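Visitor: I would like a close look at a single part of this protein, with the reasoning spelled out for someone in the first year of study. Please take it slowly.

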Amino acid sequence: MSRLVVVSNRVAPINEGEATAGGLAAGVMDALRHTGGLWFGWSGQTVPDVVPPESLPPGLPPAVARSGPVTLYTTDLTQRDYDDYYRGFANGTLWPILHNQTGLARFDWAEFEGYRRVNAHFARHLADLVAPDDVIWAHDFHLLCLAGALRALGLRNSIGIFLHTPFPAPSVLMTVPVHAELVRALCQYDLIGFQTEADRTAFADYVCRELGGTALEGGLLAAEGRQIRTGVYPIGVDVDALRAEAVAGADQPQLAALRSGLAGRALMMSVERLDYSKGLRQRFAAYERFLAKHPEWHRQVEYLQIAPPSRTDVEAYQAIRRELEGEAGRINGRFADLDWTPLRYLNRSFPRRALMPLYAAARVGLVTPLRDGMNLVAKEYVSAQDPADPGVLVLSQFAGAARELDAALLVNPHDEAGVADALARALAMPLAERRERHAAMLKVMRHNSLERWRDRFVGDLHALPPRALDAA
């Protein structure tokens, strides 16, 4: 039986209960535990720039961990690689473009060459790990050029990629000088998965309009002399496991301390990586407007924002951290009392087992990114709730999750007044309406589960012949 080989920029901790990460870590590790296989990625370590990595023999990277059917392999990067590939093109160019933040994007040819160099470095290591009948499942925007590098080494395996991020409209993507090269590289994959139909359509529009491709039936595209299958695979969560974690942690001292500090006040809660795409500045402004407009809620509500640090050596992320710390202090200075702190801002990580009971205790889950591929925090919040007395999800219309969780209170994160009104509505919502909305979201989430996401993508990948059919 062919194995599943997962490739991503980083691999997740193999032990359960580690600090939460994004959908990649939560979803892929659970997928591998079910199917078995390999997970390959960067170790997180850099080595001196003594010898360019393209001059090194590929060699077999060491297995860093094993757990049942899962083996993790990693490779180091040189400091030059890290600067060009990770800090440079991936996070300085691609990340803002994929999230429609063109004003924050930069482009440098040396960084793009570093991006391609690291994709080739990954490919050389994978060539020693992959058997001819293995299927390869790459993840996210760090590896757009991986399939082409693997093909150049002669690998004919079925190779798919799932993009956890959004995919931008052609006009936005074309602000990157190497846009055509990136899409041609993507066309070397046999299967490309997207979070939403809007993302898949944006990719197909570019291929057809800019590369002269043709849209065929069943999500197939004919382009670059071959056929590429595209599909929509909204990533999900394990609803029952998350609810069980919420119940199991209900008596933990941390939660008891929080309840004591709340003194009966309603809790609003958000958990987001410290990233400009998450809309944290706009969220703080909306909460401030809520407090100004609804003095009846003073001393009756507290907002807990958990924002783990992210990409701390990137200036844009350092700037947003400073800005949010200042805004949190200013809002508390304006509204706080001796026994009431309206906004608690924690710039640290918490393990998932600690977050689930916190979600369950929150009357309002506030998830308002400016743009997001899916946003599993929204789904985790809903899963953790007590169906008999659930909280209310306030969700950005620009999160991929909004396509499924339309029973949430959907808001435009740029509309501070609208978000403030949604917060007031959520806090005052009757129990019957909360139950109805929660049940509708649970139904969708049980259908589009983590298991279904995994099985659909991996099943479609296994169903492809090695080196997919050439285009007609």
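Visitor: Is R299 buried, exposed or partly exposed, and what is its relative accessible area?

Guide: This is a predicted model, and everything that follows is computed from it. R299 has a relative accessible area of 32%, and because buried means under 20% and exposed means over 50%, R299 counts as partly exposed. With that settled, we can turn to the partners of this residue. R299 forms a salt bridge with D337, in which the closest N and O atoms are 3.2 Å apart. This pair links distant parts of the chain, since R299 is in the loop between helix 10 (280-293) and strand 12 (301-306), while D337 is in the loop between helix 11 (315-335) and strand 13 (343-346), 38 residues apart. D337 is partly exposed as well, with a relative accessible area of 42%.

R299 also forms a salt bridge with D339, and here the closest N and O atoms are 2.7 Å apart. D339 is in the loop between helix 11 and strand 13, R299 is in the loop between helix 10 and strand 12, and the two residues of this pair are 40 residues apart. The relative accessible area of D339 is 46%, which means that D339, too, is partly exposed. Elsewhere, salt bridges that share partners join E288, E327, R330 and R334 into one network.

To place these pairs in a wider setting, the count of salt bridges comes to 35. Another of them is formed by E181 and R116, whose closest N and O atoms are 2.4 Å apart. E181 lies in helix 6 (residues 179-186) and R116 in helix 3 (residues 109-129), so this pair ties together parts that are 65 residues apart in sequence. E181 is partly exposed at 32% relative accessibility, and R116 is partly exposed with a relative accessible area of 31%.

Let us now go from charged side chains to aromatic rings, of which a search of the whole structure finds 24 pairs. One of them is the tilted pair of F89 and F112, with 5.1 Å from centre to centre and 55 degrees between the planes. Because F89 lies in helix 2 (residues 79-98) and F112 in helix 3, the pair ties together parts that are 23 residues apart in sequence. Both F89 and F112 are buried. An edge-to-face pair is formed by F284 and Y303, at 6.0 Å centre to centre and with 90 degrees between the planes. F284 lies in helix 10 and Y303 in strand 12, so these rings tie together parts that are 19 residues apart in sequence. F284 counts as buried at 1% relative accessibility, and Y303 counts as buried at 0%. Ring pairs also link Y85, F89, F107, W109, F112 and Y115 into a cluster.

Charges and rings also meet in this model: the charged end of R348 sits over the ring of F350, 4.0 Å from its centre, and R10 lies over the face of W42, at 5.2 Å from the ring centre.

Finally, consider L267, which lies in strand 11 (residues 266-271) and is buried, with a relative accessible area of 2%. Leaving aside residues up to four places away in sequence, L267 touches L258, L262, E302, L304, L358, A361, A362, R363 and V364.

Notes:
Residues numbered from 1 in each chain as written. Predicted model: local features only at pLDDT ≥ 70, side-chain atom pairs only at ≥ 80, totals over all residues. Heavy atoms only, no water. Helix = DSSP H or I, 4+ residues; strand = E, 2+ residues; numbered from the N terminus. Buried < 20%, exposed > 50% of the residue type's maximum accessible area, 1.4 Å probe, protein only. Contact = heavy atoms within 4.5 Å. Salt bridge = Lys/Arg side-chain N within 4 Å of Asp/Glu carboxyl O. Phe/Tyr/Trp six-rings, centres within 6.5 Å; stacked < 30°, edge-to-face > 60°. Lys NZ or Arg CZ within 6 Å of the ring centre and 35° of its normal.
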